[in-house]
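Biologist: Can you walk me through a model? Please show it before we start.

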Amino acid sequence: MSLEEKDLLRLVRFGKSSEKEFLTGNFLGSYDVLVFNANIAVHNRASLTKFVAERCPQKSYFIDPLTHAFQHELVHIQSKSTKKKENADVSALKKSFLKLIDQYGSHLKEIVVTEGRSLRPKDLSSAQTVSELTKKVLDFQKECFAILQKKSDTSKYMKFLKKEGKLPDVKVEPSIYIAPYFFLDESLEWLQTNIECFNVAKESIADGKSAAEIIINLEVLNSKTLSNKLVNAYKKISPDWILLWVDDFDEHKANVETLTNYVNLINDLGKIGKVICLYGGYFSVSLSKFNICKNLKGVTHGMAYGEARDVVPVGGGIPVAKYYLPDIFQRLLFRDAVKAARQKDGFTSKISFHENICSCDECLKTITDEVQKTFNLFGITKTISKEGKPSKEYPTAATTEKCLRHYLNSKTTEYRDMRFLDLTSFLSHLKGQYLLLKSHLPSDSINHCQKWHETLKAYLPK
Amino acid sequence: MNLSEQQIVEKIADILASENPSVVFCLEAPAMGRSIDLAFFKKNKVVGVEFKLTNWKKALTQAKDYKLVCDYSYICLPSNKISDKVIEAAQEIGVGVFAVDFDNSWPFIEVLPSIVSTEKWPFAAKKLKSFIRAGCA
C-alpha cells in the first residue's frame with residue numbers, strides 16, 4: 001500500500017511485542033504508518049507477520065533496515081552479559097542482529113562474524129559488494145512479512161477470511177523501500193557509499209517508493225558547508241522519500257541555532273524529496289502544520305519514548321513512565337507534572353482539570369471529582385529494595401499503561417487537530433506557558449518553549 | 001573536614017543511631033523520583049535533608065522537590081560553605097540550612113529554619129512516612 005498523500009503522516013515506531021495492543025483497537029485509526037526496526041522484524045517474524053496481516057491489514061508500514069548498526073563498534077549490538085569483554089565475541093552479538101546479518105549476505109557476514117569487526121567504507125568500495133548488500137537489504141524488506149504469510153497458518157486463515165469476504169485482497173508489502181545507509185559524521189566518509197547503494201536500489205524499486213535514510217550528527221547539522229555537501233549529493237540521486245534522523249538531537253533540549261539549522265535542512269532536503277522525520281515531537285509537527293517546511297510529510301514517534309534517539313546504542317533502553325503535558329508538548333516526571341498542574345489550576349475541580357490540563361479519553365476516564373487522588377494514578381510506583389543498594393521506585397504496569405494511553409491520545413490531537421489557528425497564536429501560546437511555568441519547573445522541562453518561540457518567530461508572515 | 005559527602009552522611013547516621021535512638025530515620029529514601037539523603041521524624045513531622053560538599057545550587061533544587069513529600073526540607077553543607085548567598089537563596093524557596101556538627105549529640109546546627117511545606121503531595125508523603133517507619137523498606 002503506498003503512503004497516502006496526506007498533509008502530515010503520523011508514523012509510529014514499533015518497539016516491542018507488548019506494544020501491539022496499543023497499535024490496534026481504538027488506536028488503530030489514529031496513526032498512518034508503522035515503522036519496524038529490521039532487527040525486531042527479523043527476530044519476531046512470525047508474530048509480526050500475523051500482526052501486520054490480521055490486525056493492521058490496511059495499515060501502511062515499512063522496515064528500517066538498520067544497516068548503520070554494522071558500522072559502529074560491535075559492542076553496541078552485543079548482548080548485555082558480554083559487554084564487559086574487551087574484544088567483541090561474535091557469538092555474543094544479539095540474536096536479532098545475527099539473524100539480520102544472515103539476511104544481508106555473505107560479505108557482511110564475513111566481516112562482522114568471521115573477522116569480528118565493524119564495517120568500514122572500503123568494505124563496500126566495489127560495485128559487486130554494494131550490489132549484493134543492496135539487493136539483500138531490499139529483498140529482506142520485501143519478503144520479511146510476506147514469505148511466512150504464504151506458508152504459515154496465517155495464510156490459511158487469511159484465505160479463509162478472504163473467502164468469507166471478511167478481508168480485502170491486500171498484499172502485505174512495505175510502502176517504501178530504504179536503501180542501505182550509514183551514519184554520517186563530520187568526515188562524511190560514508191556519503192559516497194550511501195549514494196552508491198541508493199543508485200543500485202533505485203533500479204529495482206517502483207516509482208514513488210524509493211527512500212534514502214540520512215543519519216547525521218550535530219556537527220553536520222550545524223555546519224553550512226557540510227550540510228550543503230550532503231544536500232548536493234542527495235540532489236543528484238532524487239529519492240522519492242528522505243528519512244531524516246539527527247543523532248543527539250532533542251527538540252526539547254536543542255538551542256535556537258541548532259533548531260534553525262534543523263528547519264533549514266528539512267527545507268533543503270524537501271526540495272529533493274518528501275521528508276519524514278524519524279524521531280520528532282511537536283516542534284517537527286509544527287513545521288508542517290504551519291507550512292514552515294512544505295515538503296515535510298511525516299513525523300515519527302515511539303511509544304512515549306521515541307521523540308529523540310541517539311544513534312548508539314542500537315535499540316534497547318528502558319522507558320520511564322512520565323505524564324505528557326499537552327500544553328508544553330513535553331513528557332514530565334510525575335513530580336513536575338504535579339507542580340505544573342497546580343500552577344495551571346488543574347486541581348480545583350474535575351472541570352478545571354479538563355479545561356486546563358487535558359481532556360483526552362484517558363484523562364476523562366481517570367479523573368473524577370477527587371482530582372488529586374485520581375491524577376495520582378499517573379504516578380504510582382512500586383519500591384524495590386535490594387540488599388546493599390538504595391531502594392528505587394519503578395512505575396507500576398498500570399501507571400505505565402495509563403501514561404502511554406494518555407500520551408498516544410495527546411499525539412492524536414497534535415497530528416489531527418488544528419489546535420492553533422496560525423503560527424502567531426502558537427507562538428503566543430508558547431510564550432504564555434513559558435512565563436506561567438518557568439518558576440515552577442526545572443529549566444530543561446520548560447525552556448524549549450522559549451527556544452521554539454525564538455526559532456519560529458523568524459517564520460512569521462512579514 | 002576532608003570527608004566525602006557519603007562519609008558525612010554515614011557519620012551523621014551513626015550519631016543519630018547512637019546518640020538519638022528515639023529518632024526514626026532513613027537514608028536514601030525514594031520519593032517521587034528523588035532519593036532523599038536523610039529523612040527523619042521530628043515530632044511526627046517528616047524532615048528531609050540533602051547533603052552537598054559544595055554544589056549548594058543543586059542541593060537547593062533537590063531540597064525544593066522534597067517539599068512535595070516532607071514537612072520540612074533542608075540542605076546540609078560544611079559550615080565554611082554556608083555564605084550569605086546560600087542563605088538568601090534558601091530563604092527564597094523556604095528551604096532550611098543545616099551546618100554539620102560532629103561534636104555534639106545532635107549532628108546539625110540550624111543556620112536557617114525551614115518553612116513548613118504547603119506543597120505536599122499527600123499520597124507520596126504518606127508513602128514516605130510508611131517507608132521510614134518500616135525501617136527503609
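Modeller: We will take a helix in one chain, then a sheet in another.

Modeller: This is a predicted model, where local features need pLDDT of at least 70, side-chain atom pairs count only at pLDDT 80 or more, and totals for chains, interfaces and linings use all residues. Residues are numbered from 1 along each chain as its sequence is written, chains are lettered from A and ligands numbered from 1 in written order, and side-chain values use heavy atoms, without hydrogens and water.

Biologist: Which residues of α5(A) are buried?

Modeller: Among them are Thr129(A), Leu133(A), Val137(A) and Phe140(A). Buried means under 20% relative accessible area, exposed over 50%, with a 1.4 Å probe and protein chains only. Helices are DSSP runs of H or I of at least four residues, and strands are E runs of at least two, numbered from the N terminus.

Biologist: Why do they line one face of the helix?

Modeller: Down the axis of α5(A), the buried residues fall within an arc of 155 degrees, so they line one face. The arc uses directions from the helix axis to the C-beta atoms.

Biologist: What is exposed on the other side of α5(A)?

Modeller: Ala127(A), Gln128(A) and Lys135(A).

Biologist: New topic. What is the strand order of the sheet in chain B?

Modeller: The order is β1-β2-β3-β4-β5-β6 in an open sheet with mixed pairing. Two strands pair if DSSP finds at least two bridges between them. The edge strands of chain B are β1 (25-31) and β6 (108-112).

Biologist: And how do β1(B) and β2(B) pair?

Modeller: In the antiparallel sense, over 6 bridges. Ala29(B) stands opposite Ile36(B).
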